[in-house]
Amino acid sequence: LLRLGSSFCTHPSGFACGPPKKHLMTNICIGILLEMMSGITSTVGKQLIGLAAREHRSCLARFYTACGLLMAIILGPVFDALALLFAPVSILAPLTGVEISLNIALAPCILKESVKITHVVGTVF
């Protein structure tokens with residue numbers, strides 16, 4: 001057995017170690033929180049990119065684009081990968097739909113778009 005931190009690893013390479021079993025529920029909650037953060041940062045990032053396309057001041061548009069790309073391309077996937085360290089995919093996979101729901105909820109606030117009933121029905125079903 002290899003000792004890594006506070007957990008024991010039985011895999012010969014030492015890389016396939018999971019979290020200790022006694023903290024399983026805590027780790028799953030951390031994974032869920034990180035997956036929710038992934039959805040939030042990705043959605044806000046995409047909305048900022050959309051807002052940059054509508055902005056007429058080029059300096060502000062570049063700022064929105066840079067922040068949006070940072071959030072959507074770097075931070076969102078980093079949170080997603082970190083979530084997979086703490087919780088199994090079978091628990092995290094349903095949470096990826098949070099992005100769609102957040103997009104419907106945030107579009108009127110950030111992009112000043114109107115949400116139609118067909119958008120809501122398409123999101124729910």
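Start with contact range: among contacts between residues at least 6 apart in sequence, 60% join residues at least 24 apart. Keep in mind that this is a predicted model. The protein has 125 residues, and 26% of them count as buried.

As for secondary structure, there are five helices and two strands. Going along the sequence, they come in the order β-β-α-α-α-α-α.

Now for the helix packing. Two helix pairs are worth putting side by side:

| Pair | Angle | Axes | Handedness of crossing |
|---|---|---|---|
| H1 and H2 | about 160 degrees | 7 Å apart | left-handed |
| H4 and H5 | roughly 165 degrees | within 10 Å | left-handed |

Angles over 145 degrees count as roughly antiparallel, so H1 and H2 run roughly antiparallel to each other. For the other pair, H4 covers residues 98–111 and H5 covers residues 117–124, with an angle of roughly 165 degrees between them. That is why H4 is roughly antiparallel to H5 too. On the H4 side, the contact is made by Ile100, Ser101 and Ile104, while H5 brings His119, Val120 and Thr123.

Next, the nonpolar cores. As a rule of thumb, nonpolar side chains in soluble globular proteins tend to be buried together. Here the largest nonpolar core has seven residues: Val44, Leu48, Leu51, Ala52, Tyr64, Met71 and Leu111. Helix H1 (24–54) and helix H2 (58–86) each put in at least two of them. H1 gives the largest share of this core, with four residues. A second core, separate from that one, has five residues, among them Ile28, Leu34, Ala83 and Ala87.

Leu48 is a handy residue to click on in the largest core. If you skip its neighbours within four places in sequence, Leu48 is in contact with Tyr64, Cys67, Gly68 and Met71. Two of those partners, Tyr64 and Met71, are also listed in the largest core.

What about Cys67, buried or partly exposed? Its relative accessible area is 24%, so Cys67 is partly exposed. Buried would need a value under 20%, and a nonpolar core takes in buried residues, so at 24% Cys67 doesn't qualify for one. Cys109 has a relative accessibility of 51%, and exposed means over 50%, so Cys109 counts as exposed.

How many disulfides does the structure hold? Zero. A disulfide, for reference, is a covalent bond between the sulfur atoms of two cysteines.

Conventions:
Residues numbered from 1 in each chain as written. Predicted model: local features only at pLDDT ≥ 70, side-chain atom pairs only at ≥ 80, totals over all residues. Heavy atoms only, no water. Core = buried A, V, L, I, M, F, W, Y, C linked by side-chain atoms within 4.5 Å. Buried < 20%, exposed > 50% of the residue type's maximum accessible area, 1.4 Å probe, protein only. Contact = heavy atoms within 4.5 Å. Disulfide = S-S within 2.5 Å. Axes fitted to C-alpha atoms, helices over the stretch in contact; angles between N-to-C directions. Parallel < 35°, antiparallel > 145°, perpendicular 65-115°, else oblique. Left-handed = near helix turned anticlockwise from the far one by under 90°.
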